[in-house]
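Student: I should like to learn how to read the features of a model such as the one shown here. Please take me through them in turn.

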Amino acid sequence: MSAVAELQAPPTRSSVGRFRGWLTNPWGRPRFLVVMTWAYVVWSLVPVLIAVQFSFNSTRSRTVWQDFSTRWYWGDPVDSVWHDPGLRSALVQSLKLASADVLIATPIGVLLAIGLARWHGFGSRPSNFLMLFPLVTPEIVMGVSLLLIFTEVFTFVGTGTTAQILGHVTFSISYVVVIVRGRLFSIGRQYEEAAADLGASPTGALVRVLLPLLAPAIVASAAVVFAISIDDFVISQWLSSGGDTDTVPIQIYSATRAAPLPSTNAIATLMMLLTLASVTLGFLVWRAFTRGERRAGAKVAEEFRTFEMR
Amino acid sequence: MARGEIRLIGLSKEFADVLAVDHLDLAIPGGEFFSLLGPSGCGKTTTLRMVAGFERPTEGRILLDGTDVAYTPPHKRNVNTVFQNYALFPHLNVFDNVAFGLRRAKRPKDELRERVAKALELVQLTGLEKRKASQLSGGQQQRVALARALVLNPAVLLLDEPLGALDAKLRKALQIELKTLQREVGITFLYVTHDQEEALTMSDRLAVMNGGRVEQVGAPQEVYESPETLFVADFLGVSNLMDATALGTTGGGCRVALQRFELEAGGGASDAKGPVKIVIRPERVELEPHGNAAPNRLPGMVERVIYVGSAVQVIVRVATGETLQALVPNTGKELPYEQGTPVALFLPVDALRVLPVGERAAPPEDAAETAAETAPVSTGPS
């Protein structure tokens with residue numbers, strides 16, 4: 001009897017040992033990973049949250065908290081985002097560039113992705129590889145070369161909004177291609193073949209089958225393009241013709257170097273919300289479109305969960 | 001003549017350096033349930049895909065009701081396909097999946113509704129029109145794929161291992177259903193499978209393929225009972241294969257020598273001379289008490305007795321050193337054999353076949369499979 005009790009009694013351990021057991025118990029949750037993840041989340045989010053908090057400060061200080069106020073958004077008749085002409089035009093310019101970028105880069109990127117994924121022949125591999133170049137080229141290099149091209153070769157473009165849009169489109173296309181091509185590979189050729197088998201012409205198969213199946217990837221890539229365009233500093237700056245072609249990041253940068261006010265925080269907060277909104281929208285649409293496809297996976301996940309609870 | 005006659009003439013397909021289909025000749029009359037049977041990599045799916053139009057033949061002709069369609073794009077051919085994993089459009093519901101082809105053909109609305117309803121009735125899916133493909137079971141998805149193809153009244157229905165993804169019991173049920181359906185609609189079914197039982201159960205005729213070529217064409221019984229090549233004998237069911245020497249023709253068949261034993265084989269290449277293989281199905285091997293010296297008997301010793309449910313498998317090592325398998329139906333009585341029992345094996349003359357040992361020797365099934373899998377790798381620069 002006592003032998004059994006002895007066997008069943010857990011071995012006594014020091015508090016350090018117990019803490020290590022809590023952290024690394026191979027049968028329990030992966031707590032070490034959980035701790036690391038939360039540490040990273042806090043580290044990356046706290047500065048942002050502080051910046052957001054001071055955008056609502058009632059005084060001109062960006063370091064000493066006074067009271068909650070929306071003064072820097074629209075209350076202040078001179079320096080608020082709404083009333084300061086510089087900030088306002090920057091916001092408009094940023095939105096203009098991002099929208100144009102989405103409208104131009106997404107369709108081109110989708111067609112390129114389909115072409116690259118379906119084209120097997122001489123030159124297809126290098127082209128597939130070269131598509132990744134804009135993703136790895138330092139942005140500063142791309143900015144300089146684009147500036148050279150627009151001021152020396154295609155001088156009719158010059159600097160300003162057109163040049164900025166062309167610049168944004170140039171590097172955004174790669175993102176669209178990478179996202180859409182991934183989806184293309186995962187859906188494979190079978191649906192197109194089925195469509196052709198049922199009498200759909202190549203164009204018919206593209207419109208009736210391929211594009212609807214690509215929709216989640218197209219929306220997601222549009223959201224990503226919007227987010228990276230609105231966030232872009234380097235290319236917008238190189239191709240800016242000054243004044244009203246300055247974007248929000250450029251404004252924030254120069255304001256911070258001169259006399260920073262909480263209105264800088266306010267416009268940064270707005271930018272963050274826009275980016276978050278576009279990415280969230282993209283994610284939600286992706287989920288809505290792929291609900292059926294995920295059901296099988298969800299079933300497996302459910303089984304795992306019940307298994308885990310036992 | 002029934003619609004849907006297929007003739008393949010000298011059909012070849014080369015991928016990189018691999019000849020997937022090698023000068024194939026086949027004639028399939030309209031309204032037949034015809035199967036292409038073979039191990040993976042034998043070229044059966046490539047053949048089907050060429051008939052469907054997804055692959056362009058490197059060489060040869062595909063005659064569909066007398067017209068060469070080898071270079072007609074798939075959307076202009078009067079054939080429809082049931083894909084291995086069904087390829088139901090996930091963004092459309094059952095009705096729209098089935099209506100897809102009719103919409104491409106711009107059929108009027110009432111006709112469309114009527115034909116979709118009829119097709120769904122044919123596969124017993126009425127009432128599920130609004131479901132998405134992901135909300136159906138595997139068997140139901142398979143039926144939608146069938147309805148989607150049949151609604152267009154094709155001359156030929158192509159089926160690429162359509163039962164491969166289903167569990168064994170459902171597969172059995174659907175085999176019978178498919179065969180019934182084929183009789184009902186009366187069009188040609190070209191069925192690709194690696195499952196010999198499926199091919200034997202359903203086909204009017206079948207072709208056994210190996211290495212891009214047809215080894216034998218015939219009715220299921222013919223191909224099973226009278227295999228013409230080693231590959232067919234080995235691939236279809238379990239066969240006992242033995243090395244022997246053909247001595248020449250006698251009245252009914254061929255005399256063969258296995259070392260010091262002489263047997264008479266009634267089937268196969270009766271005029272063969274020299275080294276041959278002889279083959280017999282396990283269910284035709286009869287076990288007799290030891291000492292029976294009548295003709296066509298081989299003495300041996302039971303090596304193992306395996307209970308397989310409906311039958312008992314008895315493995316016997318015969319005096320020539322080879323092992324033979326005998327399949328004894330399970331009648332509920334205990335068998336008087338156990339490991340070490342000396343027995344005589346009776347190999348009936350009509351069940352014993354002589355096969356020439358040609359260059360087209362059959363690789364064992366798994367070896368063929370491995371070869372097919374490693375083939376694309378070996379085509380790269382090495």
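Tutor: Let us begin with a hairpin. In this predicted model, three residues lie between strand 17 of chain B and strand 18 of chain B, and in this hairpin B:G309 takes a positive phi near 100°.

Student: How many bridges join strand 17 of chain B to strand 18 of chain B?

Tutor: Strand 17 (residues 297-307) and strand 18 (residues 311-318) of chain B run antiparallel and are joined by seven bridges. Within this pairing, B:V316 of strand 18 of chain B has B:V302 opposite it.

Student: Which residue takes a positive phi in the hairpin of strand 18 of chain B and strand 19 of chain B?

Tutor: There the residue is B:G321, with a positive phi near 100°, and the hairpin has four residues between the strands. Strand 19 (residues 323-329) of chain B runs antiparallel to strand 18 of chain B, and seven bridges join the two. B:Q313 stands opposite B:L327, which belongs to strand 19 of chain B.

Student: How should one read an interface between chains?

Tutor: The size of an interface is often given as the accessible area lost when the parts come together. Here the description rests on contacts: 17 residues of chain A are in contact with 20 residues of chain B.

Student: Which elements give two or more residues to the side of chain A that touches chain B?

Tutor: They are helix 10 (190-197), helix 11 (202-231) and helix 15 (291-309) of chain A. Helix 10 of chain A provides the largest share, six residues. By residue class, this side of chain A comprises eight nonpolar, five polar and four charged residues.

Key:
Residues numbered from 1 in each chain as written. Chains lettered and ligands numbered in written order. Predicted model: local features only at pLDDT ≥ 70, side-chain atom pairs only at ≥ 80, totals over all residues. Contact = placed C-beta atoms within 7 Å. Nonpolar A, V, L, I, M, F, W, Y, C, P; charged D, E, K, R; others polar. Pairing = 2+ DSSP bridges.
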